[in-house]
Amino acid sequence: MSLLFSPGTIGRVQVKNRLVHSATYEAMAGERGEITEQHVKRYANLAKGETGLIIPGHMYVRESGRVHPRQTGIHADDLIPGLQKLTQAVHDHGSAIVFQLAHGGRQTTKKAAGQRPMGPSSFDRDPVNFVKPREMTEEDILEVVQAFGRAAARAVEAGADGIQIHAAHGYLVNQFLSPFFNRRNDSWGGSAENRFRFAEQILQEIHRSVPDSTPVLIKLNTNDHTPTEGVTPDLARWYAGKLVQLGIAAIEISSGSALYSFMHTCRGDVPVDELCSRFPFWKRFIAKPVLKKMVGKYDLEEGYHLTAARTVKPVLGEVPLMLVGGMRRMSHMEEVLQSGYADFISMSRPFIREPFLAKRLKEGKSDRASCVSCNKCFATIAQAEPVRCRCRPAD
């Protein structure tokens, strides 16, 4: 049997194969973050397509952490029935589902969050929204930690098989871990140990809030690619070792931040016109030349987080590593698994274009994803439109 289609284990959860739908903002939620039929259909199709583990787009745990207008929420109990419909649709077709919990921190707007964005430190205005956040107080920090715990409990009540903490892509947990974003000199910053404390407290709060059988995963940046040094592969390795000691069930590695280095997260084409269309007219004059300078500098490299995986994997022991980033050819996926550099293969853009990709690979109808990494799908969600492949209609 192909190793790619052999079963795997994350904590006590059995996954029927090694293919993971990596969390992708889908821009499908209702006004309050509620699940819609679009959600249910999208993830049911991925399950029908035999994707082993499905992680829906990041769910905000508190209204102050909302990033996008149509982002899924898990901040209130009345959202649970909709989330139950989502998990049931996935389970009906034999796939496992894990909810990714997130808080945007400074990487949002006052309009989305309902208040001035906050982060571990207050400095500069970001280069996209021009937001300068306020520095979080001790009370703010503890409230967010508790919100993660409550959200995790809702996820379990909704039937999710596990929880993933979003500690990548410039969102709040990543901000605390990063020397670039976190410039505090108290017990929440100033050293790697102190910067790690926020993630540690969230992980412990989630463990207290859910049954012991519920695996808690994390998505961890291995390189922030920020203007000055943030998380690096060596620092990520240190954080990963600490997470293993705390009982993390799996680690998915990634890189980049949405406002400072988004093309490191999704290497490929830079769709300048499509990305510019999300901005008001006056802002396009600023954005267009900046984006044009990026063209040709981020061409897809298959497995572009593989080097980081080689750095992090040795400290994980039996804890699985999930590798995302430009995985396209089945033979390459098999090689990575056989080498022991990763235990699961995560993909985002290929599943937008081909929700039945796993089934096709398994049945020998294809030997690679047909995604061309044009990134027009991400330009679509930047405009708060439901995610879809714009190279051709998704199947």
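In what sense, parallel or antiparallel, do strand 5 (residues 59-60) and strand 6 pair, and over how many bridges? In this predicted model, strand 5 and strand 6 run in the parallel sense and are joined over two bridges. Within this pairing, M59 sits opposite L101 of strand 6.

Strand 6 (residues 96-102) has further partners. Strand 4 (residues 53-54) also pairs with strand 6 in the parallel sense, again over two bridges, and here I54 faces I97 of strand 6. With strand 9 (residues 162-167), strand 6 forms a parallel pairing over four bridges; in that pairing, V98 has G162 of strand 9 as its bridge partner.

The surroundings of strand 6 are worth a look as well. In a regular strand, side chains alternate between the two faces of the sheet. Strand 6 is covered on both faces: A96, V98, Q100 and A102 are buried on one side, and I97, F99 and L101 are buried on the other. Seven of the seven residues of strand 6 are thus counted as buried.

Turning to the helices, packing of two helices is described by the angle and the distance between their axes. The axes of helix 6 (residues 192-209) and helix 7 (residues 233-245) come within 11 Å and cross at roughly 40°, which makes helix 6 oblique to helix 7. Their crossing is right-handed. Helix 6 contributes A192, E193, R195, F196 and L203 to the contact, while helix 7 contributes L235, W238, Y239, K242 and L243. By class, the residues of this contact comprise seven nonpolar and three charged, with no polar ones.

Notes
Residues are numbered from 1 along each chain as its sequence is written. This is a predicted model: local features need pLDDT of at least 70, side-chain atom pairs count only at pLDDT 80 or more; totals for chains, interfaces and linings use all residues. Side-chain values use heavy atoms; hydrogens and water are left out. Axes are lines fitted to C-alpha atoms, for helices over the stretch in contact, and angles run from 0 to 180 degrees between N-to-C directions. Angles under 35 degrees count as roughly parallel, over 145 as roughly antiparallel, 65 to 115 as roughly perpendicular and the rest as oblique. A crossing is left-handed if the near helix is turned anticlockwise from the far one by less than a right angle, and right-handed if clockwise. Contact means heavy atoms within 4.5 Å. Ala, Val, Leu, Ile, Met, Phe, Trp, Tyr, Cys and Pro count as nonpolar, Asp, Glu, Lys and Arg as charged, and the others, Gly among them, as polar. Buried means under 20% relative accessible area, exposed over 50%, partly exposed in between (1.4 Å probe, protein chains only). Two strands pair if DSSP finds at least two bridges between them.
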